[in-house]
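User: I should like to examine the assignments made for this structure and the criteria behind them. Please show the structure and begin with a single residue.

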Amino acid sequence: MQIDIEHLLNMTGGDVDLADEVLDIFRNQAETWGRLLNPDLAQTQWADAAHALKGAALSIGAKDFADNCASVETLGRAEEQVSRVAAASALSGLKDGLTMTIEACARASYELSKPGLRRSNDSNS
């Protein structure tokens, strides 16, 4: 999983500090919503969690993970009850993708910390 840093910077108006803050927000949301990716919970609950993660992933430029979230959300929104085995399999894959996306956030934060991306505050004085 990767973070599209260019997309992230476009979403934050080129503000590197804000982009880094958005990555932190994603990581915090991931912890909260990730707990609901549980096949023992109601199907609507984990579908809602996948939906929330999809939106958060799109905001940081994690398109592949967002696509995975969309697939799980669609599964969870199906009219028929999904078997626990099918739910567990889908949610396990999504949790793995979430872990990889969180790791990608750390790499993106590192990239954002490199010299040249941050605007100098001295020029505003």
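Analyst: Phe 26 touches Leu 53, Ala 56, Ala 57, Ile 60, Phe 65, Leu 98, Thr 101, Ile 102 and Cys 105, leaving aside residues up to four places away in sequence. Contact here means heavy atoms within 4.5 Å. The model is predicted: local features need pLDDT of at least 70, side-chain atom pairs count only at pLDDT 80 or more, and totals for chains, interfaces and linings use all residues. Residues are numbered from 1 along each chain as its sequence is written, and side-chain values use heavy atoms, with hydrogens and water left out.

User: What makes Cys 105 buried?

Analyst: Buried means under 20% relative accessible area, exposed over 50% and partly exposed in between (1.4 Å probe, protein chains only). Cys 105 has a relative accessible area of 0%, so Cys 105 is buried. Cys 69 also has a value of 0% and is therefore buried.

User: How do you know that the sulfur of Cys 105 is too far from that of Cys 69 for a bond?

Analyst: A disulfide is a pair of cysteine sulfur atoms within 2.5 Å. The sulfur of Cys 105 is 12 Å from the closest cysteine sulfur, in Cys 69, and is therefore too far for a bond. A search of the whole structure finds 0 disulfides.

User: Why does the span of α5 agree with its 29 residues?

Analyst: Helices (H or I, at least four residues) and strands (E, at least two) are DSSP runs, numbered from the N terminus. The expected span of a helix is 1.5 Å times one less than its number of residues. For α5 this gives 42 Å, and the end C-alpha atoms are 41 Å apart, so the two agree. The buried residues of α5 pack against α1, α2, α3 and α4.
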